[in-house]
Structure formats: C-alpha cells, structure tokens
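The following exercises concern the overall form of a protein, its domains and one of its helices. Please attempt each task before reading its solution.

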Amino acid sequence: MLAYTYIKQGKFELIEKPKPELKDTRDAIVRVTLSSICTSDLHIKHGGVPRAVPGVTIGHEMVGVVEQTGADVTLVKPGDRVVVNVETFCGKCFFCQHGYVNNCIDPNGGWALGCRIDGGQTEYVRVPYADQGLSLIPETVTDEQALFVGDILATGFWAARISEITEEDTVLIIGAGPTGICTLLSVMLKNPQCIIVCEKAEERIHFVREHYPQVEVVTPEKCKDFVLQKSAHGGADVVLEVAGGEETFRLAWECARPNAIVTIVALYDRPQILPLPDMYGKNLIFKTGGVDGCDCVTILHLIEEGKIDTTPLITHRFPLDRIEEAYRLFENKEDGVIKVAVTEKAAVTESVNQK
Ligand SMILES: [Zn+2]
Ligand SMILES: [Zn+2]
C-alpha cells in the first residue's frame, strides 16, 4: 500500500509499505477513506518534533472504515465508519480515568499516530486501543463533516470546555487558522455575549467575516484597544491563544482583564516569557497544554445535530497518490488553502477548489 513517510529531516516521501497487521488484542485495522494534513506534520518534517521516528507513516487526522479488530475490541466491528483520535490512550490509568488522556502513561500514550507509530496518510492504519481511539460516525454525518473531529476540532472543543466561558463573557480568540476556527465554533456553542477574533492574515479575516458575521474581527495592532472597548471590566473575561507567536502570547495576557482565564492552545516553537512583574496584581489564571481528546462522541453528536460544521475549512481535495502536491500547496499557503482533504487513491483525480 502507499504510505506517506517521514524519511529524514526535511524529507517526506510516498512509498510502498506492507499493509499493517493486528499486534495486540485491543488493536483495530482501519481502511483510511479520508485524511488531512496538519501543521504538526510540517513540524515533523522540519525537525520540530524530536520524538518523531524516521520511517513512520505521517498523518494523524483521518476517518475510515474498520477492516479488522482484535479479540478484545468491543466498541467497533468490521464495516463501521469511524473517526480516529489523534491521541492513543489506554482508558485505564489514573490520567485516563480523570479525562486527562493526553497524559496517559502507556508508552504509546498521547500523540503517537503519525509521529511515533504509523499514521493515516496511507491506505490502512493500525489503531491501538481501538475502543478508545475510534468513535463511530453517525449515519447522517459524512466523512468530510467528521474529518477534523479527532484532532483540530477536538482541540478547539477541549479549549472551550476548560475555559469556563459564561454567557456574560467577552471572549477573545487569538488566531484564525484551522484550529482557531475550530476553537471559535466551540466557543460559539457557549453563547458568550461577545466574541472577538484577532487575526492578521487578510484571507483569514475575510473567511471569518464571510462565515461568522456575528463575530468581531480585529488585527493585532488594534486588538488591545478594541477589546477594552468591547468589555465591561477592562479586558476580556476569557482569552484563548491559538496563534503560537511571541507577540500573540504577550497579547493574550495584555488583553485579559484581572482574574481572567487565559487558555494557551497554541504550540510554540520556543519558550515564552511570563513577565511576572508587569503582570503583578492581574491575578490571571493560565491553562495550558495539549488536547485531552476524549470528547469525540459528543462532538460527533453536535455535528449530527447541525451545531458544528467544519466543512468550509476544506478548501482543497487531492487523492493519496497526489499527496506531494497537496503538501506543496498547504506548506506554501497557496491558493487560499485552509485545509486539504486527502481522498483514497483511486477516487477523485481532480483537485477541487471550493473557494
Ligand atoms: Zn494535528
Ligand atoms: Zn491511560
């Protein structure tokens, strides 16, 4: 089968590999029907993820059909359509039991697929702990609707969940990339009084204005003043930082009102400084971390009910055998790309731009 593989730093290649086999009674083999490319894949390519193993198949956002299950898998059976969770977790350890699945103590716990073990930019993938790592897709939900449930949408949903948002709040979301939009969609479910999105890229500003006219959009230069204007207590009640830059980190705590919650969703490529003397007396609550991806079933139901729709994020489609082209486009941010859907190899041969 074809597998898009991490060869060495700076190089991915589509190569032939044997079809994966069950290794454990809790494994499942899934035929990948749709996958996507994530910025984290690019981090692997450029050496930003030291734990990534050369030779590994890339890809951790995917949906598919269960092909085979181990003897101890009870939740899914061959033929079921499923979302694959970005995180591998045992479901039994202290952290899993408390919903902190990102910190599962299993040697393959956390983000393993497409990083430390073979992932989903291929034809078949082995999913460990299938009862935890797979969620059934409701019949009326399409593959495209479910594509981001296991990764970026799980992230946005988790971020909104831990941010303790109330209906009186002014919420600032910094960054309107794919994860920023997923965060926005999840924040919208909490019905805060005002949502402000801070973004500098013109195309992304346009995207937010076009799809979510009820949301305020502001550029980073004007953000602080704008937030002050829109909030009753000297800043945002909740800030979600999804951009991952030095300036945006600073902006996050600067725009927060005293005693606000600042949730750091972004993944930074270097340490950030918390200037505690400048922040003294603001008494902020910081929440940081990687997604605890344990809400996939809830999210799939919200999609089924029409409350979350991430399909506008899919701007381009490529079959697996043309994944190199998809990467080039995604990496160079060409043609207004937001997210690429990678279909099975024999399927669509034309890339469709839905802009
Ligand atoms: Zn990702
Ligand atoms: Zn665990």
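**Exercise 1.** Determine how the radius of gyration of this predicted model compares with that of a compact globule.

*Solution.* The protein has 355 residues, and for this number a compact globule would have a radius of gyration near 20 Å. The radius of gyration of the protein is 20 Å, which agrees with that expectation. The C-alpha trace spans about 60 × 45 × 40 Å along its principal axes. Of the 355 residues, 49% count as buried.

**Exercise 2.** State which domains the assignment gives and describe the contact between them.

*Solution.* Domain 1 comprises 2–151 + 293–343, while domain 2 covers 160–288. The C-alpha centres of domain 1 and domain 2 are 28 Å apart. To the contact, domain 1 contributes 10 residues and domain 2 contributes 8 residues. On the side of domain 1 that touches domain 2, there are 5 nonpolar, 3 polar and 2 charged residues.

**Exercise 3.** Why is helix 6 described as largely enclosed by the rest of the structure?

*Solution.* A residue counts as buried if 20 or more other C-beta atoms lie within 10 Å of its own. Helix 6 consists of residues 178–188, and 10 of its 11 residues are buried, so the helix is largely enclosed by the rest of the structure. Among the buried residues of helix 6 are Pro178, Ile181, Cys182, Leu184, Leu185 and Val187. The elements against which the buried residues of helix 6 pack include helix 5 (152–162), strand 10 (170–174) and strand 17 (339–343).

Definitions and conventions:
Residues numbered from 1 in each chain as written. Chains lettered and ligands numbered in written order. Predicted model: local features only at pLDDT ≥ 70, side-chain atom pairs only at ≥ 80, totals over all residues. Rg over C-alpha atoms; globule rule 2.2 N^0.38 Å. Buried ≥ 20, exposed ≤ 12 C-beta atoms within 10 Å, placed from the backbone. Domains from an automatic or database assignment. Contact = placed C-beta atoms within 7 Å. Nonpolar A, V, L, I, M, F, W, Y, C, P; charged D, E, K, R; others polar. Helix = DSSP H or I, 4+ residues; strand = E, 2+ residues; numbered from the N terminus.
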